[in-house]
Amino acid sequence: MEFSTARTVRIGLAVGSAIVVLLVVALFVIPANRFRPAIEQSASAALGRDVSVGHLRMSLLHQSLSAEGLTIADDPAFSASPFFTAKSVTVVVRLWPLIVSRSLTVTNIRIDQPVVTLFRNAGGRWNYASLATSSNTSRTSAIRKLELSDGRVLVGTATQKRTYDHVNVAASDLSPGSRWPVTATAVLPGGGTFSLTGDVGPMDRTDATLTPLDAMVAIDGLNLSKTGFLNPSAGGVLDLKATIASKGGVATVMGNATLSKALLVAGGSPASRPVAVSFDSRYDLHTHTGTLNPSSVKMGGASARLA
């Protein structure tokens, strides 16, 4: 009995060792960079943009491919500069199919220090509207987890540009044809923080900006005098909590906001009491027009209705 057990252990160790040797040898037999054209082609077809990745490295321990850099082209109607760049990308793959049949199946994606440029033209159209609207998107496999870490987002028009730093985004079970959960955080241009938690999808096949979204958003400690949204002589600190429901090209935003230390007159003193606003608004994503449903403003014991 003891001899049989010992023999089983030895056989198991031998088989395990053989598998490890096979995997190690396979890493040398299969150059990681041979997958770069396939990755670029698949990503370009899915996004409808030219995609290029840098030198690839394979990690047996983490079952992943790492790229030194990533670039996604912008919509040529907007710019010849990149829409998206990143310092590095790590893609977790199913290692056995990769070694046996050289089939690349991606499960997780992590993108470090991405820089995204969002631009809106005079007609109100965003440069990401055409992203992933190709019919090839429907054949894209689901991604178990997608992470964007410590990124920067540049948002602008022909006359203004604002920068959002330390942007972190996480999504799971990401598939163009279904809904998926997403979270996002960022540091705002005027200081303070932004957070979003909700569900996105399925992707709109004609205009990515029309993709359904249900989320809760929060803004904490935004100094309005530093944002560029107001006259430099005005300001205050904004805290906001709201829900966003976007479907069929119409976005409904409802919530509450508090403006502390409000300064509305040049040379005046900040208000000693906060201004509280409860709002309910609708925005048409097709016509780029909005309406304010009955809302309220309170300051101390005084209140007013907005409509």
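**Figure 1. Leu-70 and its neighbours in the nonpolar core.** Leu-70 touches Val-51, Ser-52, Val-53, Phe-84, Thr-85, Ala-86, Val-89 and Ile-111, leaving aside residues up to four places away in sequence. This close-up, like the others here, comes from a predicted model. The largest nonpolar core has 49 residues, and Leu-70 is among those with the most contacts inside it, together with Phe-83, Phe-84, Ile-111 and Leu-240. Two of these partners, Phe-84 and Ile-111, also appear in the list of residues that Leu-70 touches. As a general backdrop, nonpolar side chains in soluble globular proteins tend to be buried together.

**Figure 2. The chain as a whole, for orientation.** Before moving on to the charged pairs, here is the setting. The protein chain has 3 helices and 19 strands. Of its 307 residues, 33% are buried. Taking contacts between residues at least 6 apart in sequence, 46% join residues at least 24 apart. The accessible surface comes to about 17,300 Å², and carbon and sulfur atoms account for 60% of that surface.

**Figure 3. A buried salt bridge between Arg-49 and Asp-74.** The structure holds 7 salt bridges, and one of them joins the side chains of Arg-49 and Asp-74, at 3.9 Å from N to O. The pair links distant parts of the chain, 25 residues apart: Arg-49 sits in the loop between α2 (36-47) and β1 (51-53), and Asp-74 in the loop between β4 (70-73) and β5 (82-86). Are these two partners buried or exposed? Arg-49 is buried, since its relative accessible area is 5%. Asp-74 is buried as well, with a relative accessible area of 8%.

**Figure 4. Asp-75, a buried acid without a salt bridge.** Asp-75 is placed in the loop between β4 and β5. Which side chain of opposite charge is nearest to Asp-75? That side chain is Arg-49, 4.6 Å away, and Asp-75 is buried yet has no salt bridge. The cut-off for a salt bridge is 4 Å, so the 4.6 Å separation of Asp-75 and Arg-49 falls outside it. The side chain of Asp-75 does make a polar contact, at 3.0 Å, with the side chain of Ser-130. Leaving aside residues up to four places away in sequence, Asp-75 touches Arg-49, Asn-127 and Ser-130.

**Figure 5. Arg-125 and Asp-207, a salt bridge between two loops.** The side chains of Arg-125 and Asp-207 meet in a salt bridge, with N and O 3.7 Å apart. Arg-125 lies in the loop between β8 (115-119) and β9 (143-156), while Asp-207 lies in the loop between β12 (193-200) and β13 (213-223), so the salt bridge ties together parts that are 82 residues apart in sequence. The two partners fall into separate exposure classes: Arg-125 counts as partly exposed at 35% relative accessibility, whereas Asp-207 is buried at 15%.

**Figure 6. Asp-165 and Arg-152, a salt bridge between strands.** In this view Asp-165 forms a salt bridge with Arg-152, and the closest N and O atoms are 2.7 Å apart. Asp-165 belongs to strand β10 (residues 161-174) and Arg-152 to strand β9, 13 residues apart. Asp-165 is partly exposed, with a relative accessible area of 25%. Arg-152 is partly exposed too, at 42%. Elsewhere, Arg-110, Asp-112 and Glu-147 are linked in a network of salt bridges.

**Figure 7. Backbone details at Asp-150, His-288 and Pro-202.** As a reminder, most residues other than glycine have a negative phi, and most peptide bonds are trans. Where in the chain does Asp-150 lie? Asp-150 is part of strand β9, and its phi is near 50 degrees, a positive value in a residue other than glycine. Asp-150 is partly exposed, with a relative accessible area of 36%. His-288 also has a positive phi, near 60 degrees, and is found in the loop between β16 (275-284) and β17 (289-292). The relative accessible area of His-288 is 32%, which means that it is partly exposed. Finally, the peptide bond from Gly-201 to Pro-202 is cis, with omega near -5 degrees, and Pro-202 is found in the loop between β12 and β13.

Notes: Residues are numbered from 1 along each chain as its sequence is written. This is a predicted model: local features need pLDDT of at least 70, side-chain atom pairs count only at pLDDT 80 or more; totals for chains, interfaces and linings use all residues. Side-chain values use heavy atoms; hydrogens and water are left out. Helices (H or I, at least four residues) and strands (E, at least two) are DSSP runs, numbered from the N terminus. Buried means under 20% relative accessible area, exposed over 50%, partly exposed in between (1.4 Å probe, protein chains only). Contact means heavy atoms within 4.5 Å. Accessible areas come from the Shrake-Rupley method with a 1.4 Å probe; for residues, only the protein chains shown count as cover. A nonpolar core is a set of buried Ala, Val, Leu, Ile, Met, Phe, Trp, Tyr and Cys residues joined through side-chain atoms within 4.5 Å. Lys and Arg count as positive and Asp and Glu as negative; His and the chain ends are not counted. A polar contact is a pair of N or O atoms within 3.5 Å; within protein, one must be able to donate a hydrogen and the other to accept it, and residues adjacent in sequence count only if both atoms are side-chain atoms.
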